[in-house]
Amino acid sequence: MQGELEIMVPVTSKRLAGLSVTSFKCLLVTMMLIFVSAPQSDAANQAYKRSIERYTMPDVTLINQDGKKVKFKSVMESDKLVVVDFIFGTCTTICPVLSAGYLNLQQKLGTESGKVHLVSISIDPENDTPKVMKEYLKRYRAKPGWDFLTGSRKDIDAVMKAFNAYVPDKMSHYALTLLRPPQQDGRWIRIFGIMSSAEFVDEAQKSGIR
Amino acid sequence: MKRCFFGMLLMTIGVSALAADVSVLDRAESMVLGERIYRDGLLPDGKPLKGYVRGDVEIDSTMFSCANCHSRGGLGSIEGQVASPPVNGASLYNPRYLYKDQIKNTISKSRGVSRSAKQLRPAYTDESLATALVAGVNPDGREFIPIMPRYMLEERDMKILVNYLKQLSAEFSPGVTSEIMRFATIITDDVSPEDRAALTGILDALVTINQQTREQRKHPQFSKMFRMLDTAYFRYITIDRWELKGPPETWRSQLEDYYRKGPVFAVLGGISGKSWQPMHDFCEQNRIPCLFPVTDLPVISDSSWYTMYASKGYYQEGETAARFISRVETTEPKRILQIVTPTPEGEALASGFESAWKESGQGQVETLRLGPDQKIPESEIRELLRKSGPRTVLVWGGPESLPVLEMVAGQAPDSDCFLSSRYLGKGLKSIPENLRDRVYITYPFRMPEDEKRFEGYAELLQLGNHVHNNEKRIGSRTFSMVHVFLEGLKEMRLDFYRDTLLDVIGMMPDQYLPDFERYSFGPGQRYASKGCYVVQLGKGTNPEIIKKSDWVVF
């Protein structure tokens, strides 16, 4: 495995300089972060973890960037390829990279991008109002087919739990992308880590765009 | 392979670019342009700075800039389990050490001694920094993690960005020495002596506790490690009282005078019954953090940086009412009549309502503003109600506006009314019992039954010295400020930069504090608690408060 995966160890402090003096684990993480010196991987050597999972979707109503109510379960049961990630509007590091991935996917797929429904789910629902979400999508030049959903804390928690992605606090979230092939058999591809553009297109195509 | 080649190509461009001649820019101009690249991702020609992450994911820095990950002050962040190291001048242009060595070095330096510690990386130079930005390699030749963008920067732009980083958080902000940290609190002369004491009691307790911790190190059981940390960290906290007198137009110059006489690192809370605008503007322009003043009339802005508020106050109540009404499904278009008492409170409620109502894309709002005498124009209101029949009536006024409820009930009995509990104050209980079914109230605090577990927090901080009546929540709100400030101070560590204090507070996990539900943070988020309940009243003279909405209404 590459260093990129191994650095994803939970740490509590929000700043690198702030790592505890006494905590060996934190120290180790610091060392790893600073000394990431893994040789460049070639395309065949994936830097993310991939697994096949089965999830049951909760029957909740969320709000999209236009302020419209949407039935989450039916969005997830679309006959398109559905891609889900968890982000928030003022996120500093991981969400912008995930969103750049969405944007790149839409661009790379070109006319085919209409066959994919990209869904970003807010993990900071108090702040992510429709207005904030709309501005966020605009900033990322999102094309139609990319929705940002918010909702009550209770419903968002239910969605996170359904994907085995629950984090009690938004600051401790991690990079996760979930793809649901259109065959409707409840199978999800769970991607932990960040994909390159080529890898994302490849995963989308393998999942079946139709 | 492709990525390697790309990196090498970029490295070549970067190095050759820096070797070329560059035009000399005015220093201030260069800083402005550098700040724009760093914060907004815009190059001097107005085009976005571009780069690549994970090898081939193209990014445009107007989506996320350097400041996004490395923070505005440049001291870095850890988020989403990814660490973005410090990129401020003081960090980049000095060798990087392990944290424990950084502490020991600081202590040695203060004693005029130098100690040798193993470097994690050597200091950057302009050239090695340029290489890092384009090729993602540090001065040791180690490669950055793949989500650090490799930027496409040309010669002149590189020079501007490098110059900016060199100056970014290079010297500590004013108000801090190796001995003391100087703060102020702002109190305006409309505040009663009791309310003033409720605020200063908490601040005095903070100062006392700070002094007491200095004594701890004399204790024989105070461990060597803590002594070491204490030597590096401890500073006496002083809190000046900036008392503002006379008309609000003169407050700004009074503030400037205070600041000239004694520059402070930050403003710790404060209190005013009037709009916080003059204090907000002063802090914004002098780049002084102002933490959670006790005000319900904050400045509503999505671009201001320096003042953090507990909530949007009255404005947030107005917004909540709009969202609550817009979520009710009806077949007919909604007709809204807004009756506004022309006070800062009434106007803030109306303005919050109008903004959120417009956002919801619903119909027009008819607004009736009372005259300066605040007399209720009964015939005009009856006429308006008679003309358009049942509707929703917003009564943005204090107890003196309660007679409007009777008029509405008499003229258009199927109408609902909305009021602000904060504005009504004790008048809340005077809402006639027979009208309560039709009256909805914005309630900006945690439900009384849930608030019980927070009682005693503020008293704890005051260590029993003063027990104030906390009906106005001044002590408890100031306590919350102190709590967030101390958490921020802890995370700020030895990086005494004002922007860093705000950066680290922006990265705090959610906090559960008295008065308001869930304080949540995020870079640039300036109103910590985002919600407000909509409630109705039960029967009787001491009515039950019945929750009709979630804390956050979408």
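These are my notebook entries on a predicted model with chains A and B.

**Entry 1: chain A overall**

I began with chain A, where I counted seven helices and eight strands. Of its 210 residues, 46% are buried. I then looked at the contacts in chain A with a separation of 6 or more, and found that 74% of them join residues 24 or more positions apart.

**Entry 2: the sheet of chain A**

Next I traced the open sheet of chain A, which has six strands in the order β1-β8-β7-β4-β5-β6 and mixed pairing. Its edge strands are β1 (49-54) and β6 (146-149) of chain A, each of which pairs on one side only. On average, neighbouring strands of this sheet are turned by 20° against each other, with direction ignored.

Inside the sheet I followed one pair, strand β4 (residues 81-87) and strand β7 (residues 176-180) of chain A, which run antiparallel and are joined by four bridges. To fix the register I noted that A:Val82 has A:Arg180 in β7(A) as its bridge partner. I also looked for what lies across these strands, and found helix α4 (residues 94-109) of chain A, which lies across β4, β5 (116-122), β6 and β7 of chain A and runs at about 155° to β4(A).

**Entry 3: domains of chain B**

Turning to chain B, I noted its division into domain 1 (2-167), domain 2 (180-310 + 451-523) and domain 3 (314-443 + 534-547). The C-alpha centres of domain 1 and domain 3 of chain B lie 54 Å apart.

**Entry 4: two helix pairs in chain B**

I looked up helix α8 (residues 193-216) and helix α19 (residues 474-492) of chain B, whose axes come within 8 Å and cross at roughly 30°. Because angles under 35 degrees count as roughly parallel, α8(B) is roughly parallel to α19(B). The crossing of these two helices, α8(B) and α19(B), is right-handed. Residues of α8(B) that meet α19(B) include B:Asp195, B:Ala198 and B:Leu206, while on the side of α19(B) I found, among others, B:Ile474, B:Phe479 and B:Val482.

For the second pair, helix α12 (residues 314-327) and helix α13 (residues 344-359) of chain B, the axes come within 6 Å and cross at roughly 40°. These two, α12(B) and α13(B), are therefore oblique to each other. Here too I noted the hand, and α12(B) passes α13(B) in a right-handed crossing. The contact includes B:Tyr314, B:Tyr315 and B:Arg323 from α12(B), and B:Leu349, B:Phe353 and B:Trp357 from α13(B).

**Entry 5: covered strands in chain B**

I then asked which residues lie on each side of strand β11 (residues 336-340) of chain B, a strand in which five of five residues are buried. On one side I found B:Ile336, B:Gln338 and B:Val340, and on the other B:Leu337 and B:Ile339, so that both faces of β11(B) are covered. For its pairing, I found that β11(B) runs parallel to strand β12 (residues 365-369) of chain B, with five bridges between them. In this pair B:Val340 stands opposite B:Arg369 in β12(B).

Strand β14 (residues 416-420) of chain B is mostly covered as well, with four of its five residues buried. Strand β13 (residues 392-396) of chain B runs parallel to β14(B), and four bridges join the two. As a register mark I wrote down that B:Val393 stands opposite B:Cys417 in β14(B).

**Entry 6: single residues in chain B**

B:Met181 has its place in strand β6 (residues 180-188) of chain B. I list B:Met181 as partly exposed because 19 other C-beta atoms lie within 10 Å. Its C-alpha atom is separated by 6.0 Å from that of B:Arg235, although B:Met181 and B:Arg235 are 54 residues apart along the chain. Apart from neighbours within four places in sequence, B:Met181 is in contact with B:Gly175, B:Val176, B:Arg235, B:Ile237 and B:Phe265.

Last, I checked phi angles, since most residues other than glycine have a negative phi. B:Arg473, in the loop between α18 (457-462) and α19 of chain B, has a positive phi near 65°. B:Arg493, in the loop between α19 and α20 (498-506) of chain B, has a positive phi of about 55°. Are these two arginines buried or partly exposed? B:Arg473 has 19 C-beta neighbours inside 10 Å and so counts as partly exposed, whereas B:Arg493 has 20 and so counts as buried, the cut-off for buried being 20 or more.

Conventions
Residues are numbered from 1 along each chain as its sequence is written. Chains are lettered from A and ligands numbered from 1 in the order in which they are written. This is a predicted model: local features need pLDDT of at least 70, side-chain atom pairs count only at pLDDT 80 or more; totals for chains, interfaces and linings use all residues. A residue is buried if 20 or more other C-beta atoms lie within 10 Å of its own, exposed if 12 or fewer, and partly exposed in between; C-beta atoms are placed from the backbone. Two residues are in contact if their C-beta atoms, placed from the backbone, lie within 7 Å. Domain bounds come from an automatic or database domain assignment. Two strands pair if DSSP finds at least two bridges between them. Axes are lines fitted to C-alpha atoms, for helices over the stretch in contact, and angles run from 0 to 180 degrees between N-to-C directions. Angles under 35 degrees count as roughly parallel, over 145 as roughly antiparallel, 65 to 115 as roughly perpendicular and the rest as oblique. A crossing is left-handed if the near helix is turned anticlockwise from the far one by less than a right angle, and right-handed if clockwise.
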